[in-house]
Amino acid sequence: AVVSTQSGHYGRGVLSQLSTMKLILLSVFLGTCLSSPVSPSCEITSDTLTLHGRAIDVNCEADMMFSLKIEDVEGVSTLEVTGNKMGEEFRFLKVEHDGSANSMFLTLNGQRFDVKDKNSADESSILADLLSDPNFSNFPAAVQLIHDELKLPGWKSPSVMFLYRIGISLHDHESSRERRAPTVDEDILNYHGWFPAKGCEQNGWKSSDVDDLIKHGCVGTCGPKCMMCWQWVCGDCCMHTGCLRHDKFCRGYYGKFTKDCVSLRGVLWDTVTDTAYDC
């Protein structure tokens, strides 16, 4: 500590302020630790192939059952997420994409929105309510479980790609200590550097400068920054055009506060190319 030689009162004042600051930081730290959620436990109870896709049930803590319908048929892709808790039904979200018409509609808590509608304020408001709904809070863990266990290729199915992108975005919003920690998924490192251990797929490419990649939060690698590789989004942990466009857009000057990032459309729809995000 630096104490003024001209005034003992000034020195004591500085020390007092430092002590107060330490108490504040300690209080914030303890509050963060106490409020940090533990990763919920989920289990896939059903995975059924349907005529044009699959139906998946995931049972999570607090008796919350998520039911997902994933379909891709003749250029039309649909992702629907509902829930059931002790007999109470929830209709969380639905994504409808028509590739030939280049259109996408989002339904959140029963309200339907066109991603090309310039006014996204209502959608953002409803999405905020959904993210704060305790019945929806375990959904990010359910999506990650589907990714890790079922290993559905997102680059082959637009509806699966939508599911993964929503899951990654929700993981970015989580405040668990694991995701705040400055860690790097080893799988990401395997795909980058001058002599990577693994090669890129699906039009991906590596970064030769690993330190620079990490410095910029592993932009473009299709995951929640450097902390987790969602390998089944685009088949690897390399950089991909769709993921890079999204990351650069949403991590820019205004970050996720831009209207196209705080809304679900910002996760699924590329407003620059006016197409759905892909690899």
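This passage describes the fold, the sheet and selected residues of a predicted model.

The protein has 279 residues, and buried residues make up 41% of them. Its secondary structure comes to 11 helices and 9 strands. The accessible surface is about 15,100 Å², and carbon and sulfur atoms account for 55% of that area. Among contacts with a separation of 6 or more, 52% are between residues 24 or more positions apart.

Of the strands, 7 form an open sheet, in which the order is S1-S2-S3-S4-S5-S6-S7 and the pairing is antiparallel. S1 and strand S7 (111-114) are the edge strands, each with pairing on one side only. From one strand to the next, the twist averages 15°. Helix H2 (residues 121-131) packs on this sheet, where it touches strand S5 (88-98), strand S6 (103-108) and S7. The direction of H2 makes an angle of about 45° with that of S6. Helix H3 (residues 139-150) lies across another set of strands, namely S1, S2, S3 and strand S4 (76-85). Relative to S1, helix H3 runs at about 60°.

The pairing at the S1 end of the sheet can be followed strand by strand. S1 and S2 run antiparallel and are joined by 7 bridges. One of the bridge pairs consists of Thr48 and its partner Ala55 in S2. The connection from S1 to S2 is a hairpin through 3 residues. Leu51 lies in the loop between strand S1 (42-49) and strand S2 (53-60). The relative accessible area of Leu51 is 75%, and because this is over 50%, Leu51 counts as exposed. Although Leu51 and Glu71 are 20 residues apart along the chain, their C-alpha atoms are separated by 8.5 Å.

S2 is joined in turn to strand S3 (residues 64-73) by 8 bridges, and these two strands also run antiparallel. Here Cys60 stands opposite Met64 in S3. The loop between S3 and S4 contains Glu74. With a relative accessible area of 79%, Glu74 is exposed, because the value is over 50%.

The backbone of Glu74 has a further feature. Most residues other than glycine have a negative phi. In Glu74, by contrast, phi is positive, near 50°, and the residue is not a glycine. A positive phi, of about 55°, is also found in Cys218, again a residue that is not a glycine. Cys218 belongs to the loop between helix H7 (210-215) and helix H8 (231-234). Is Cys218 buried or exposed? Its relative accessible area is 0%, so Cys218 is buried.

The aromatic side chains were examined next. A search of the whole structure finds 7 aromatic pairs. One of these is formed by Phe90 and Phe92, whose rings are stacked, with 5.6 Å centre to centre and 0° between the planes. Phe90 has a relative accessible area of 12%, and Phe92 has a relative accessibility of 1%. Both values are under 20%, so both residues count as buried. Phe136 and Phe139 form another stacked pair, with 5.0 Å centre to centre and 25° between the planes. Phe136 and Phe139 are buried as well. Ring pairs link these four residues and Phe66 into a cluster.

A ring also takes part in a contact with a charged group. The charged end of Arg112 sits over the ring of Phe105, at 4.1 Å from the ring centre.

Ser103 is placed in strand S6. Its relative accessible area is 18%, which is under 20%, and Ser103 is therefore buried. When residues up to four places away in sequence are not counted, Ser103 touches Glu96, His97, Asp98 and Trp269.

How values were computed: Residues numbered from 1 in each chain as written. Predicted model: local features only at pLDDT ≥ 70, side-chain atom pairs only at ≥ 80, totals over all residues. Heavy atoms only, no water. Helix = DSSP H or I, 4+ residues; strand = E, 2+ residues; numbered from the N terminus. Buried < 20%, exposed > 50% of the residue type's maximum accessible area, 1.4 Å probe, protein only. Pairing = 2+ DSSP bridges. Axes fitted to C-alpha atoms, helices over the stretch in contact; angles between N-to-C directions. Contact = heavy atoms within 4.5 Å. Phe/Tyr/Trp six-rings, centres within 6.5 Å; stacked < 30°, edge-to-face > 60°. Lys NZ or Arg CZ within 6 Å of the ring centre and 35° of its normal. Areas by Shrake-Rupley, 256 points an atom, 1.4 Å probe, with all protein chains shown as cover.
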